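Please look at the sequence and the structure below, and then read the short report that follows on some of the features found in the model.

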Amino acid sequence: WLLVFVSELLLSFIWLLGQVYRWRPVSRTVFTERLPADDKLPAIDVFVCTADPEKEPTVHVMNTVLSAMALDYPPEKLHVYLSDDGGAAITLLGMKEAWKFARWWLPFCSKYSVKTLSPEAYFRGMEDDDDVDILTYPEFMSDKQKIKKVLERFGMKKSKLVSTPLAGHFKLSDSLSPKTEVEVKHMSRVPYVSAVGSLMYAMVCTMPDISHAVSVVCRYMVNPGEAHWDTVKWIMRYLKVSTDIGLVYGSGGAASMNVVGYSDFDYAVKMPLLTYVSREKKPSYHHHFKAGALNVLVWVSGVLSNSPYILVLDCDMQCNDPTSARQAMCFHLDPKISSSLGFVQFPQKFNNISEDDIYDSQIRSLFLIAWYGADGLKGPILSGTNFYIKREALYGSSVKKGIDLTKIRSSFGLSNDFIRSLDRNYKPGIIDGNQCPSTVLQETEVLASCAYENHTQWGEEVGFRYQSVLEDYLTALNMHCQGWTSVYLDPPRPQFLGTSTTNLNDLLTQGTRWSCGLVDVFISRFCPLIYGPLKMSFLQSMCYAQLGISPICYCLPLWCFATIPQLCLLNGISLYPEVSSSFFKIYLFIFMSVITRQIYEVLITGGSMRIWKNEQRIWMIKSITCHLYGTLDSVAKKLGMREASFLPTNKVEDEEQVKRYQMGIFDFQTSTLLLAPLVTLVILNMVSFTWGFIRMVATRDWNQMFVQLFLSLYILITNYAIIEGMIFRKDKGRVPLSTTQLSIIISIAFVSLGSIILMY
């Protein structure tokens, strides 16, 4: 009784906190034509972070970089920085190739008003219908000649033809890399890196169909083997087939094709600053994951460009509209709110969401409900990416006038150049594209060293905060507590498009990290319920509290409701009011009210009943796994039992998993640690429902145990996908037999032990 009562109190408490989002929702629009002339616009730095080329394919990262460079903004006022925490040679090579291609891509986008700024997405056919005439026939012929030159360069012009960019017999791995000195010497004479670079250029220009194949061979740039080289040559043989194939946009077919114009771009076109940063990392220094990488970019950009505003993007979050910077500036330059506005947040949207969205990858409740409500209460919370933040807001109160130089050094470090950049009149090292002085470049090396922030306030009181792996949540909390506000803008056309998780393993891994980061903050001195009300409005602190406590308030009740009533049902113990009782009507009213409200919100945001069902399932799955493990991980760190860790979300798509996702079929290829709890609870509910139903039929007493029986049935119906994966499916994505067997043993042990406890 006590466990069930506490669980109901926790769910009631978080429901109460969640009502604050519905207090005052705000929807905004902008009028970019009212902005000042281009020469009056402030400069913008763009930060893109990547950490692992194995999980974050270089070709996708470079498309993000190119899309940021192509924003509709004065190029001399746009500066793009890429942080490569992996220090990978392939990423640096990709940057060089992206710079070369940008000299063609940027004027092309500008001349034809291209909206889809990612080359990969544009040539994949994601451009709007009103731009169908921009890919003209002469340009295609020009690119065709470039592809042929690539084939000639690597001696592939007379090779045999193939019909697919990557055949199924290629099973590449690191084990195929050279192992003997003879093999290493032989492969050193093979132009592998150069060939892959040319394939990347071809892919970005006109051949998006080789994207997956190129992303595969890119993984072995450091130490390629003969099998890897054979794969590269296979792709080139495919290019030979496809050089004469193209898309002609028009309504009348090839017979009615007219050449409407072509571009002969001036290669002296102005380009945004593009900077590659790979910070120093040593085992003896904590590098603070993404927050540390972002702070290094703040330091380096401070002495190079020192733009007053910063756009932060995940490596896969590509710009999908050239006007996002101007839309953000409509708020940052608004005289009524600009002095206190810290950042403008755009929603995260994805280009690979299926119709059913079985993993709730679009996070509908957050970006379509909660953030609108938070915008009416001093603004939404930072969401990790897609936000334009004011540089000054990251510096806290340490840059106020009257503070002595010694205190500034203790806060910001010993770099004189960076300290001078805190002055609004500071002239950065690179002005209007001029050559950067060598002294400034040397200073950036000091700033990117692992020891620069020692004995400073970076990560504590200044910059992106370090006390949680969810740096955006804690950074936003501190900014709002310092008096900064924020706004949420969700235009009709998505300003940014990324890649969502399309398998259960990546979803749960990502969710565990998020849950851990939220609990990190909630059990620290920054607890929103204690720290927040003293420094910001009570309602806004409730927004932060609702997110911070959600892993705890969901995992404990759902574990309780999935086990205790079922155990009591098996032992004939009633927990809830009888159907004939007046209290049953209260339970029924609460249940129906919550369900009705959820369905209503799904429908008004463009969803369906199937979307609602999938969201219910994912909520249960995350509560049982992600929220539990994230909470335990956070508590273990608090007790000093383990170190903080950060696993980047895997952005490499497996074709079979993507196919299952698009078909609405769950993929259960994940660790036993994550899967076994789900299967165990499903088995427990199957047994309890079956036994309870048989008992009710035998006794003809539906009055006493109906609520518990219904609860088991509701859990089973919602999680039927797990039952299907256990019993009926035979494909690779089914629940492994070993996991099912282990779960059966755990269920038997739990029922036996629980029954003994209930007896006494």
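## Salt bridges

In this predicted model, the side chains of Asp314 and Lys290 meet in a salt bridge, with N and O 2.8 Å apart. The pair links distant parts of the chain, since Asp314 lies in strand 4 (residues 309-314) and Lys290 in helix 10 (residues 289-304), 24 residues apart. Asp314 is partly exposed, with a relative accessible area of 22%, whereas Lys290 is buried, at 14%.

A search of the whole structure finds 21 salt bridges. Among them is the one between Asp38 and Arg326, whose closest N and O atoms are 3.1 Å apart; here Asp38 sits in the loop between helix 1 and strand 1, while Arg326 belongs to helix 11, 288 residues apart. Another joins Asp667 to Arg660, with 2.7 Å between the closest N and O atoms, and Asp667 and Arg660 are both buried. Salt bridges that share partners bring Arg660, Asp667, Arg729 and Asp731 into one network.

## A nonpolar surface patch

A nonpolar patch of about 750 Å² lies on the surface, and its residues include Val579, Phe693, Trp702 and Phe710. Helix 25 (672-699) and helix 26 (706-718) each give two or more residues to this patch, and helix 26 gives the most, with four. Trp702 is placed in the loop between these two helices, and this residue is partly exposed, with a relative accessible area of 40%.

## Confidence in the model

The mean pLDDT of the protein is 84, and 86% of its residues reach 70 or more. Over residues 126-137, however, the pLDDT is below 50, and it also stays under 50 over residues 244-267. Where pLDDT is low, the predicted coordinates should not be read in detail.

Technical notes:
Residues numbered from 1 in each chain as written. Predicted model: local features only at pLDDT ≥ 70, side-chain atom pairs only at ≥ 80, totals over all residues. Heavy atoms only, no water. Patch = residues over 30% accessible without salt bridge, like charges linked within 9 Å, V, L, I, M, F, W, Y side chains within 5 Å. Areas by Shrake-Rupley, 256 points an atom, 1.4 Å probe, with all protein chains shown as cover. Salt bridge = Lys/Arg side-chain N within 4 Å of Asp/Glu carboxyl O. Buried < 20%, exposed > 50% of the residue type's maximum accessible area, 1.4 Å probe, protein only. pLDDT = per-residue confidence, 0-100. Contact = heavy atoms within 4.5 Å.
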